[in-house]
Amino acid sequence: MHRRNFFIAGGSLMVLSACAANGVDLGEAPSASSLAEDARIARAVLPSQTPRAELLQPWTGPYQGVPPWDKVSAAKLREAILEGIELQRAEIEAIANNPEPPTFANTQVALQMAGEPLDRALNLFGVMTQNIGSDDYQAVDTEVSPLLSAAGDEITFNEKLFARIKAVADGAAAAGLTAEQTRLSERSRDAFVRSGAALDAAKKAELGRINTALSNAFTRFGQKVVADENTFTHIPAEAGVAGLPASNKAAAAAAARSRNVPGYAIVNTRSSVDPFLSFADDRALREQVWRKFVNRGDNGDANDTNATIAEIVKLRAERASLLGFGNHAEWRMQDTMAKTPAAAMDLMNRVWAPAKARVAEEVADMRAIAGHDIEPWDYLYYAEKVRKQKYDLDQNELKPYFELTNVRAGSFEMARRLYGFTFEKLAPGTVPVFHPDVTVYEVRDAGQPIGLYYADDYARPGKRSGAWMTTYRGYSTYDGVKNTLASNNNNFIKAEGADPILISLDDAETMFHEFGHALHYLSYRITYPALGGTPRDYVEYPSQVHEHWVLSRPILDGYMKHVETGQPMPQALVDKIEASQTFNQGYTTVSYLSSALVDMDLHTRATPPTDIDAFERESLARIGMPKEIVMRHRLPQFNHLFTSDAYSAGYYSYLWSEVMDADTWAYFEESGDVFNPDIAARYKAIILSEGNTTDRGEAYRRFRGRDPDVAALLKVRGFPTS
């Protein structure tokens with residue numbers, strides 16, 4: 001997230017007037033001359049400062065400047081962040097102490113500009129801590145995180161600044177601000193209130209203490225989990241990997257060689273563990289790998305996170321109370337589409353019961369084959385046996401069609417056909433990268449360059465696990481920045497030599513998912529960067545819907561070709577996949593939804609728990625968690641919840657977004673063309689391009705003509721719709 005977005009980071013989602021409703025005129029956008037005049041006024045307010053640190057300088061090179069990865073080091077970033085905080089402090093003071101009456105230009109536009117050097121440094125730093133994660137960057141993270149938290153509080157608690165922000169928002173109508181300017185002003189005002197700007201001095205001091213303590217705890221949690229994920233299970237003999245597909249064996253062998261051990265290594269991350277649990281014949285080894293994976297952060301050693309979690313939930317409860325909320329979830333959900341914990345729980349409970357019922361059916365099918373009770377380390381293994389029996393479908397039969405570079409090329413073709421985007425690989429050395437494995441593509445929209453897309457596909461020690469998307473710089477017209485820099489990040493095991501990297505269908509869908517996030521940000525056509533961040537339970541919608549195109553016939557025919565024969569996936573195999581699309585949805589739904597339900601339970605407690613393991617067990621018992629399944633993210637390793645506030649009391653968001661995702665895919669399918677150009681153009685213009693410039697619920701109604709239908713979600717998962 002851009003540092004300039006700080007000002008609305010905790011704010012509520014303003015319910016605008018009906019200006020955002022179906023087809024109603026949203027008002028005139030600011031003219032280029034008006035934007036230029038506002039920018040001139042804003043710059044005149046800010047002090048003239050020349051940063052000393054190299055990494056605070058404006059980015060140079062093509063595409064309106066690119067990140068100077070070739071100049072980055074931990075020491076330089078530390079220097080830049082410390083100086084950047086001071087430069088931002090001076091800019092905020094200049095805005096707050098401006099003797100001129102507050103206006104949108106001299107207050108809100110100036111706030112958009114304040115802290116730009118620090119913003120640049122933090123965008124670099126976020127990548128180096130997540131994608132590289134070496135000890136020197138972790139040490140700087142430990143040092144600067146509390147300083148950044150304190151600097152943020154200093155802005156929020158600045159009474160003169162808040163008075164100006166409030167005056168601009170309260171006087172928006174009288175000043176003739178546009179709908180977008182009014183939304184920005186009102187959201188900024190409300191965010192400051194929600195973050196403590198209206199508290200008295202004593203309560204502000206207490207809130208500052210809480211925020212700094214949370215920042216330290218978030219950093220500790222993330223570092224402990226990464227340390228546990230850097231471990232691996234050593235399997236010296238080939239018999240231990242019997243059953244694994246050749247590509248997974250090769251990856252495990254490569255992982256062992258890179259760790260200087262003989263045989264095979266199953267790295268303690270999901271991308272290595274899940275294939276092992278799905279295919280390895282050795283049941284005892286499956287249990288060993290499973291236990292190591294699900295106990296990350298929960299081993300009673302230096303990397304145990306339970307005490308850190310207890311500290312975080314206690315601090316969150318204290319903060320919520322201080323700000324006038326009953327619990328952390330009520331505070332966090334102000335800026336969401338769901339609005340309240342009750343609304344989120346209502347959706348989750350509607351899905352939970354049929355999901356559990358489906359698990360019982362799945363377990364019965366597996367027991368019939370296994371001849372024994374199903375344990376959590378058996379579930380994926382015997383699910384594959386059932387899949388083969390019921391649908392004559394073997395996941396190993398699919399992998400040769402999903403070669404990594406071909407899957408990415410297929411995602412690019414999806415973006416071209418739907419939205420007119422094209423991606424062209426840049427020659428190595430054209431722009432700096434932070435690691436030699438990173439590949440960079442120029443992005444064009446209708447033939448015009450609009451930015452860059454960075455792909456970092458491979459696992460490495462220190463890199464966080466999973467897959468994610470981030471932006472190095474977003475689109476905004478108030479300052480003329482029209483080249484977006486976006487990235488996708490994965491954790492595939494790098495092949496040796498020219499060997500192809502074969503991935504699963506699930507991995508391919510994950511790539512399209514993260515690419516959907518990138519397309520969302522590449523589509524932005526917004527004026528002010530602070531209106532770029534959408535509600536947490538909306539932001540997963542544009543990513544999730546793009547998973548559906550993986551198995552569309554044009555993408556299969558053009559890109560998902562067998563790595564040896566070069567032939568596209570035959571329709572008979574596609575039919576098998578589609579017939580089995582609702583297969584194992586009990587497992588998929590329960591493993592995810594249990595994590596979301598426990599998250600909400602944890603953050604709606606009036607008195608936060610101190611024994612986290614006991615709480616987790618009791619919470620799962622209350623909802624009737626099937627014993628054969630473990631949460632997708634157990635609390636001791638739940639990065640979504642405990643490395644920041646971002647997804648706390650918000651993991652339900654994926655399900656909320658999936659209602660819109662399923663309803664949107666149904667819209668395309670019902671049209672008879674899943675690449676329907678008219679629907680795609682409206683989707684890009686309304687859902688992707690607007691950012692948060694209008695209420696997102698109203699935006700969906702403008703796109704679809706109605707609210708999303710939850711029945712579409714139940715149908716996709718194969719659950720009863722009545």
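Two strands are counted as paired here if DSSP finds at least two bridges between them. By that criterion, 5 strands of this predicted model form an open sheet with mixed pairing, in the order 3-4-5-7-6. Strand 3 (421–425) and strand 6 (468–473) are the edge strands, each pairing on one side only. From one strand to the next, the twist averages 25°.

The pairings can be followed across the sheet. Strand 4 (residues 439–445) pairs with strand 5 (residues 448–458) in the antiparallel sense, over 7 bridges. Within this pair, Glu 442 stands opposite Leu 452 of strand 5. Strand 5 also runs parallel to strand 7, and 7 bridges join the two. Here Gly 451 lies opposite Thr 484 in strand 7. Strand 7 in turn pairs with strand 6 in the antiparallel sense, over 5 bridges, and the bridge partner of Thr 471 is Ala 486 in strand 7.

Strand 7 deserves a separate look. In a regular strand the side chains alternate between the two faces of the sheet. In strand 7, Thr 484, Ala 486, Asn 488, Asn 490 and Phe 492 point one way, while Leu 485, Ser 487, Asn 489 and Asn 491 point the other way. Residues pointing in either direction are buried, which for this model means under 20% relative accessible area. Because 9 of the 9 residues of strand 7 are buried, the strand is largely enclosed by the rest of the structure.

Helices lie against these strands. Helix 4 (residues 116–132) lies across strand 5, strand 6 and strand 7 (484–492), and runs at about 155° to strand 6. Helix 19 (residues 505–523) packs on the sheet as well, where it touches strand 3, strand 4, strand 5, strand 6 and strand 7. The direction of helix 19 makes about 165° with that of strand 7.

Helix 4 leads on to a pocket. The second largest pocket of the model has a volume of about 630 Å³. It is lined by 23 residues, of which Pro 58, Met 113, Glu 116, Pro 117 and Arg 120 are the closest to its centre. Helix 2 (74–96), helix 4 and strand 6 each supply at least two residues of this lining. Helix 4 gives the most, with 5 residues. By residue type, the lining of the second largest pocket divides into 10 nonpolar, 5 polar and 8 charged residues. Helix 4 and strand 6 thus appear both in the packing described above and in the lining of this pocket.

Note on methods
Residues are numbered from 1 along each chain as its sequence is written. This is a predicted model: local features need pLDDT of at least 70, side-chain atom pairs count only at pLDDT 80 or more; totals for chains, interfaces and linings use all residues. Side-chain values use heavy atoms; hydrogens and water are left out. Helices (H or I, at least four residues) and strands (E, at least two) are DSSP runs, numbered from the N terminus. Axes are lines fitted to C-alpha atoms, for helices over the stretch in contact, and angles run from 0 to 180 degrees between N-to-C directions. Contact means heavy atoms within 4.5 Å. On a 1 Å grid over the protein atoms alone, a cavity is a set of points where a 1.4 Å probe fits but cannot get out, and a pocket is an open set with protein on both sides within 12 Å along at least five of seven lines; lining residues have an atom within 4 Å of a point. Grid points are joined across faces, edges and corners, and a volume is the space filled by probe spheres set on the points. Ala, Val, Leu, Ile, Met, Phe, Trp, Tyr, Cys and Pro count as nonpolar, Asp, Glu, Lys and Arg as charged, and the others, Gly among them, as polar. Buried means under 20% relative accessible area, exposed over 50%, partly exposed in between (1.4 Å probe, protein chains only).
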